[in-house]
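Trainee: I would like to learn how to read a model like this one feature by feature, beginning with how a helix is turned towards the rest of the chain. Could we look at it together?

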Amino acid sequence: MSATIHPSAVVETGAKIGEGCIIGPFCHVGPNVELGPRVELKSHVVVTGCTQIGEETVIFPFAVIGEIPQDLKFDGEETRLVIGKRNRIREHVTMNTGTQGGGGLTSVGDDGLFMASSHVAHDVHVGNNVILANNVALAGHCVLADQVIVGGLSGVHQFVRIGRGAIIGAVTMVTNDVIPHGLVQGPRGQLDGLNLVGLKRRGVSRADITALRAAFQMLAQGEGAFQDRARRLGEETTSEYVSEIVAFILGDSDRSFLTPG
(Lines give C-alpha, C1' and ligand atoms only; values in the text may rest on other atoms or scores of the structure.)
Protein backbone atom coordinates (compact mmCIF):
# COMPACT_ATOMS: atom_id res chain seq x y z
CA MET A 1 0.00 0.00 0.00
CA SER A 2 2.99 2.33 0.43
CA ALA A 3 3.92 2.08 -3.25
CA THR A 4 3.20 5.01 -5.54
CA ILE A 5 1.73 3.91 -8.88
CA HIS A 6 0.77 6.42 -11.57
CA PRO A 7 -2.81 6.00 -12.84
CA SER A 8 -1.57 5.42 -16.40
CA ALA A 9 0.73 2.54 -15.38
CA VAL A 10 -0.35 -1.07 -15.92
CA VAL A 11 0.57 -3.46 -13.11
CA GLU A 12 -0.76 -6.90 -13.92
CA THR A 13 -2.34 -9.17 -11.35
CA GLY A 14 0.29 -11.35 -9.69
CA ALA A 15 3.09 -8.79 -9.73
CA LYS A 16 4.78 -8.27 -6.36
CA ILE A 17 5.48 -4.62 -5.61
CA GLY A 18 7.75 -3.83 -2.68
CA GLU A 19 7.37 -1.18 -0.01
CA GLY A 20 8.07 2.34 -1.21
CA CYS A 21 8.24 1.51 -4.92
CA ILE A 22 7.52 4.27 -7.43
CA ILE A 23 6.00 3.27 -10.77
CA GLY A 24 5.78 6.22 -13.11
CA PRO A 25 3.56 7.10 -16.06
CA PHE A 26 2.92 4.53 -18.81
CA CYS A 27 4.99 1.77 -17.24
CA HIS A 28 4.01 -1.88 -17.72
CA VAL A 29 4.79 -4.47 -15.04
CA GLY A 30 4.07 -8.11 -15.89
CA PRO A 31 2.37 -10.72 -13.69
CA ASN A 32 5.57 -12.62 -12.82
CA VAL A 33 7.62 -9.59 -11.84
CA GLU A 34 8.89 -8.93 -8.32
CA LEU A 35 10.10 -5.43 -7.44
CA GLY A 36 12.05 -5.07 -4.20
CA PRO A 37 11.61 -2.20 -1.76
CA ARG A 38 12.03 1.32 -3.13
CA VAL A 39 12.54 0.30 -6.76
CA GLU A 40 11.73 3.20 -9.07
CA LEU A 41 10.49 2.92 -12.66
CA LYS A 42 10.70 6.46 -14.05
CA SER A 43 8.22 6.29 -16.94
CA HIS A 44 7.54 4.19 -20.07
CA VAL A 45 9.45 1.25 -18.56
CA VAL A 46 8.51 -2.33 -19.44
CA VAL A 47 9.35 -5.03 -16.89
CA THR A 48 8.09 -8.43 -17.95
CA GLY A 49 8.90 -12.13 -17.82
CA CYS A 50 9.94 -13.92 -14.66
CA THR A 51 11.99 -10.99 -13.40
CA GLN A 52 13.20 -10.04 -9.93
CA ILE A 53 14.67 -6.58 -9.25
CA GLY A 54 16.48 -5.73 -6.02
CA GLU A 55 15.86 -2.81 -3.71
CA GLU A 56 16.57 0.81 -4.66
CA THR A 57 17.26 0.01 -8.30
CA VAL A 58 16.21 2.86 -10.60
CA ILE A 59 15.15 2.22 -14.20
CA PHE A 60 14.90 5.10 -16.66
CA PRO A 61 12.43 5.64 -19.53
CA PHE A 62 12.04 3.19 -22.41
CA ALA A 63 14.11 0.41 -20.86
CA VAL A 64 12.77 -3.10 -21.55
CA ILE A 65 13.68 -5.55 -18.81
CA GLY A 66 12.90 -9.27 -18.81
CA GLU A 67 11.78 -9.83 -22.40
CA ILE A 68 12.45 -13.16 -24.07
CA PRO A 69 15.95 -13.93 -25.42
CA GLN A 70 17.04 -12.95 -28.89
CA ASP A 71 17.89 -16.59 -29.56
CA LEU A 72 16.14 -18.57 -32.28
CA LYS A 73 16.45 -21.75 -30.18
CA PHE A 74 14.24 -20.23 -27.47
CA ASP A 75 10.88 -22.02 -27.47
CA GLY A 76 8.90 -20.28 -24.76
CA GLU A 77 10.32 -22.13 -21.77
CA GLU A 78 10.13 -20.33 -18.43
CA THR A 79 13.47 -18.72 -17.61
CA ARG A 80 14.49 -15.90 -15.29
CA LEU A 81 16.21 -12.55 -14.94
CA VAL A 82 17.49 -11.57 -11.49
CA ILE A 83 18.82 -8.04 -10.92
CA GLY A 84 20.45 -7.00 -7.66
CA LYS A 85 20.30 -3.91 -5.50
CA ARG A 86 20.93 -0.23 -6.19
CA ASN A 87 21.50 -0.55 -9.92
CA ARG A 88 21.06 2.40 -12.28
CA ILE A 89 19.56 1.23 -15.57
CA ARG A 90 19.40 4.08 -18.04
CA GLU A 91 17.28 4.88 -21.08
CA HIS A 92 16.63 2.18 -23.72
CA VAL A 93 18.59 -0.53 -21.88
CA THR A 94 17.51 -4.09 -22.66
CA MET A 95 18.06 -7.13 -20.43
CA ASN A 96 16.74 -10.55 -21.46
CA THR A 97 15.84 -13.66 -19.49
CA GLY A 98 17.91 -16.84 -19.85
CA THR A 99 17.51 -19.89 -22.04
CA GLN A 100 17.03 -23.48 -21.02
CA GLY A 101 20.24 -24.51 -22.76
CA GLY A 102 22.22 -21.82 -20.96
CA GLY A 103 21.05 -22.56 -17.43
CA GLY A 104 17.80 -20.60 -17.50
CA LEU A 105 19.08 -17.52 -15.68
CA THR A 106 20.43 -14.10 -16.56
CA SER A 107 21.83 -12.38 -13.48
CA VAL A 108 23.04 -8.89 -12.62
CA GLY A 109 24.74 -8.04 -9.32
CA ASP A 110 24.53 -4.94 -7.11
CA ASP A 111 25.51 -1.29 -7.63
CA GLY A 112 25.91 -1.41 -11.40
CA LEU A 113 25.54 1.40 -13.91
CA PHE A 114 24.08 0.43 -17.28
CA MET A 115 24.20 3.48 -19.52
CA ALA A 116 21.81 4.29 -22.33
CA SER A 117 21.09 1.59 -24.93
CA SER A 118 23.36 -1.05 -23.41
CA HIS A 119 22.25 -4.67 -23.78
CA VAL A 120 22.56 -7.71 -21.50
CA ALA A 121 21.69 -10.85 -23.44
CA HIS A 122 20.42 -14.26 -22.33
CA ASP A 123 22.34 -16.28 -19.72
CA VAL A 124 24.82 -13.47 -19.06
CA HIS A 125 26.15 -13.17 -15.50
CA VAL A 126 27.25 -9.69 -14.42
CA GLY A 127 28.94 -9.07 -11.06
CA ASN A 128 28.83 -6.13 -8.64
CA ASN A 129 29.92 -2.55 -9.37
CA VAL A 130 30.03 -3.12 -13.12
CA ILE A 131 29.75 -0.21 -15.57
CA LEU A 132 28.54 -0.62 -19.15
CA ALA A 133 28.86 2.65 -21.05
CA ASN A 134 26.49 3.75 -23.82
CA ASN A 135 25.61 1.18 -26.50
CA VAL A 136 27.66 -1.67 -25.04
CA ALA A 137 26.36 -5.08 -26.15
CA LEU A 138 26.98 -8.27 -24.15
CA ALA A 139 26.21 -11.37 -26.20
CA GLY A 140 24.72 -14.51 -24.68
CA HIS A 141 26.47 -16.52 -21.95
CA CYS A 142 29.12 -13.86 -21.14
CA VAL A 143 30.46 -13.58 -17.60
CA LEU A 144 31.62 -10.22 -16.22
CA ALA A 145 33.17 -10.32 -12.76
CA ASP A 146 33.00 -7.51 -10.19
CA GLN A 147 34.29 -4.00 -10.97
CA VAL A 148 34.51 -4.46 -14.74
CA ILE A 149 34.17 -1.35 -16.92
CA VAL A 150 33.25 -1.60 -20.61
CA GLY A 151 33.66 1.53 -22.74
CA GLY A 152 31.02 2.90 -25.08
CA LEU A 153 30.10 1.24 -28.38
CA SER A 154 31.96 -1.94 -27.44
CA GLY A 155 30.79 -5.49 -28.05
CA VAL A 156 31.55 -8.69 -26.14
CA HIS A 157 31.35 -12.01 -28.01
CA GLN A 158 29.20 -14.82 -26.63
CA PHE A 159 30.74 -17.04 -23.94
CA VAL A 160 33.54 -14.54 -23.20
CA ARG A 161 34.65 -14.12 -19.58
CA ILE A 162 35.99 -10.80 -18.32
CA GLY A 163 37.88 -11.01 -15.02
CA ARG A 164 37.50 -8.79 -11.98
CA GLY A 165 38.65 -5.21 -12.32
CA ALA A 166 39.33 -5.37 -16.06
CA ILE A 167 38.65 -2.35 -18.27
CA ILE A 168 37.64 -2.39 -21.94
CA GLY A 169 38.28 0.72 -24.00
CA ALA A 170 35.62 2.35 -26.16
CA VAL A 171 34.75 0.99 -29.61
CA THR A 172 36.35 -2.39 -28.91
CA MET A 173 35.28 -5.86 -30.00
CA VAL A 174 36.18 -8.44 -27.35
CA THR A 175 36.32 -11.93 -28.82
CA ASN A 176 38.29 -13.83 -26.15
CA ASP A 177 38.60 -13.99 -22.38
CA VAL A 178 40.16 -11.05 -20.53
CA ILE A 179 42.32 -11.67 -17.46
CA PRO A 180 41.44 -9.96 -14.16
CA HIS A 181 42.71 -6.36 -13.99
CA GLY A 182 43.54 -6.40 -17.70
CA LEU A 183 43.38 -3.41 -20.05
CA VAL A 184 41.90 -4.11 -23.48
CA GLN A 185 41.57 -1.64 -26.34
CA GLY A 186 41.59 -1.40 -30.11
CA PRO A 187 38.96 -2.18 -32.76
CA ARG A 188 39.74 -5.91 -32.42
CA GLY A 189 40.51 -5.98 -28.72
CA GLN A 190 44.15 -6.43 -27.71
CA LEU A 191 45.40 -7.02 -24.18
CA ASP A 192 47.59 -3.94 -23.84
CA GLY A 193 48.45 -4.00 -20.16
CA LEU A 194 46.91 -3.72 -16.71
CA ASN A 195 44.16 -1.47 -15.39
CA LEU A 196 46.65 0.41 -13.22
CA VAL A 197 44.37 3.40 -12.69
CA GLY A 198 41.61 1.15 -11.37
CA LEU A 199 44.00 -0.73 -9.12
CA LYS A 200 45.31 2.50 -7.58
CA ARG A 201 41.80 3.90 -7.12
CA ARG A 202 40.82 0.76 -5.23
CA GLY A 203 43.79 1.18 -2.91
CA VAL A 204 45.75 -1.90 -4.01
CA SER A 205 49.17 -1.90 -2.39
CA ARG A 206 52.33 -0.94 -4.28
CA ALA A 207 53.72 -4.45 -3.62
CA ASP A 208 50.73 -6.11 -5.27
CA ILE A 209 50.85 -3.74 -8.25
CA THR A 210 54.56 -4.50 -8.67
CA ALA A 211 53.78 -8.24 -8.52
CA LEU A 212 51.04 -7.82 -11.12
CA ARG A 213 53.39 -5.96 -13.45
CA ALA A 214 55.99 -8.71 -13.16
CA ALA A 215 53.32 -11.36 -13.74
CA PHE A 216 52.11 -9.56 -16.86
CA GLN A 217 55.65 -9.49 -18.23
CA MET A 218 56.04 -13.21 -17.61
CA LEU A 219 52.72 -13.93 -19.33
CA ALA A 220 53.81 -11.77 -22.25
CA GLN A 221 57.39 -12.97 -22.70
CA GLY A 222 57.88 -16.20 -20.76
CA GLU A 223 58.62 -19.56 -22.34
CA GLY A 224 55.98 -22.12 -23.25
CA ALA A 225 52.25 -21.88 -23.89
CA PHE A 226 50.12 -19.23 -22.17
CA GLN A 227 48.65 -21.75 -19.69
CA ASP A 228 52.13 -23.11 -18.92
CA ARG A 229 53.36 -19.62 -18.04
CA ALA A 230 50.32 -19.19 -15.79
CA ARG A 231 51.04 -22.47 -13.99
CA ARG A 232 54.61 -21.38 -13.28
CA LEU A 233 53.29 -18.07 -11.97
CA GLY A 234 50.98 -19.92 -9.62
CA GLU A 235 53.87 -21.92 -8.21
CA GLU A 236 56.02 -18.84 -7.61
CA THR A 237 53.70 -16.02 -6.52
CA THR A 238 52.65 -14.94 -3.04
CA SER A 239 50.30 -12.19 -4.31
CA GLU A 240 46.58 -12.90 -4.07
CA TYR A 241 46.04 -10.67 -7.12
CA VAL A 242 48.45 -12.71 -9.25
CA SER A 243 46.88 -15.92 -7.90
CA GLU A 244 43.51 -14.60 -9.04
CA ILE A 245 44.82 -14.20 -12.60
CA VAL A 246 46.31 -17.71 -12.52
CA ALA A 247 43.04 -19.25 -11.34
CA PHE A 248 41.16 -17.38 -14.07
CA ILE A 249 43.50 -18.60 -16.83
CA LEU A 250 43.41 -22.20 -15.62
CA GLY A 251 39.62 -22.18 -15.12
CA ASP A 252 36.99 -23.58 -17.47
CA SER A 253 36.25 -21.51 -20.57
CA ASP A 254 34.60 -21.87 -23.96
CA ARG A 255 36.95 -19.27 -25.44
CA SER A 256 40.68 -18.75 -25.79
CA PHE A 257 42.41 -15.76 -24.16
CA LEU A 258 43.43 -12.32 -25.21
CA THR A 259 47.18 -12.58 -24.63
CA PRO A 260 49.72 -9.79 -24.17
CA GLY A 261 51.18 -8.50 -27.43
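Trainee: Which residues of α4 are buried, and which are exposed on its other side?

Mentor: Helices are DSSP runs of H or I with at least four residues, strands are runs of E with at least two, and both are numbered from the N terminus. A residue is called buried under 20% relative accessible area, exposed over 50% and partly exposed in between, using a 1.4 Å probe and protein chains only. In α4, the buried residues are Tyr241, Val242, Ile245, Val246, Phe248 and Ile249. They lie on the same side of α4 because their arc around the axis is only 160 degrees, the arc being that of the directions from the helix axis to the C-beta atoms. Glu240 and Ala247, on the other side of α4, are exposed.

Trainee: Before going on, what should I keep in mind about the origin and numbering of these values?

Mentor: This is a predicted model, in which local features need pLDDT of at least 70 and side-chain atom pairs count only at pLDDT 80 or more, whereas totals for chains, interfaces and linings use all residues. Residues are numbered from 1 along each chain as its sequence is written, and side-chain values use heavy atoms, with hydrogens and water left out.

Trainee: What covers the buried residues of α4?

Mentor: Contact here means heavy atoms within 4.5 Å, and the cover of the buried α4 residues includes β24 (161–162), α2 and α3. Helix α3 (residues 226–236) can be read in a similar way, with Phe226, Arg229, Ala230 and Leu233 buried. Those residues cover an arc of only 100 degrees, so they sit on the same side of α3. They pack against α2 (206–221) and α4 (240–250).

Trainee: How is the protein chain divided into domains?

Mentor: The bounds come from an automatic or database domain assignment, which gives domain 1 (4–141) and domain 2 (199–250). Taken over C-alpha atoms, the centres of the two domains are separated by 36 Å. For further distances, turn to helix α1 (residues 196–201), where Val197 lies. The C-alpha atoms of Val197 and Cys142 are 25 Å apart, with their positions 55 residues apart along the chain, and Val197 is partly exposed at 49% relative accessibility. Leu196 also belongs to α1 and is partly exposed at 21%. Leaving out residues up to four places away in sequence, Leu196 touches Ile209 and Arg213.

Trainee: How should I read a positive phi, and where is Glu56 placed?

Mentor: Most residues other than glycine have a negative phi. Glu56 has a positive value, with phi near 65 degrees, and is placed in the loop between β9 (50–53) and β10 (58–59). Phi of Ser117 is likewise positive and near 65 degrees, in the loop between β16 (113–114) and β17 (119–120). Glu56 is partly exposed at 31% relative accessibility, and Ser117 is partly exposed at 32%.

Trainee: Is Ser118, in the loop between β16 and β17, buried or exposed?

Mentor: Ser118 is buried, with a relative accessible area of 1%. Apart from neighbours within four places in sequence, its contacts are His92, Val93, Thr94, Leu132, Ala133, Asn135 and Val136. His122, in the loop between β17 and β18 (125–126), is buried at 7%. Not counting residues up to four places away, His122 touches a set of residues that includes Pro69, Asp71, Asn96, Thr106 and His141.

Trainee: What volume does the largest pocket have, and which residues are closest to its centre?

Mentor: On a 1 Å grid over the protein atoms alone, a pocket is an open set of points where a 1.4 Å probe fits, with protein on both sides within 12 Å along at least five of seven lines, and lining residues have an atom within 4 Å of a point. Points are joined across faces, edges and corners, and the volume is the space filled by probe spheres set on them. The largest pocket has a volume of about 160 Å³. It is lined by 13 residues, of which Gly49, Cys50, Glu77, Glu78 and Thr79 are the closest to its centre. By class, its lining has three nonpolar, seven polar and three charged residues, where Ala, Val, Leu, Ile, Met, Phe, Trp, Tyr, Cys and Pro count as nonpolar, Asp, Glu, Lys and Arg as charged, and the others, Gly among them, as polar.
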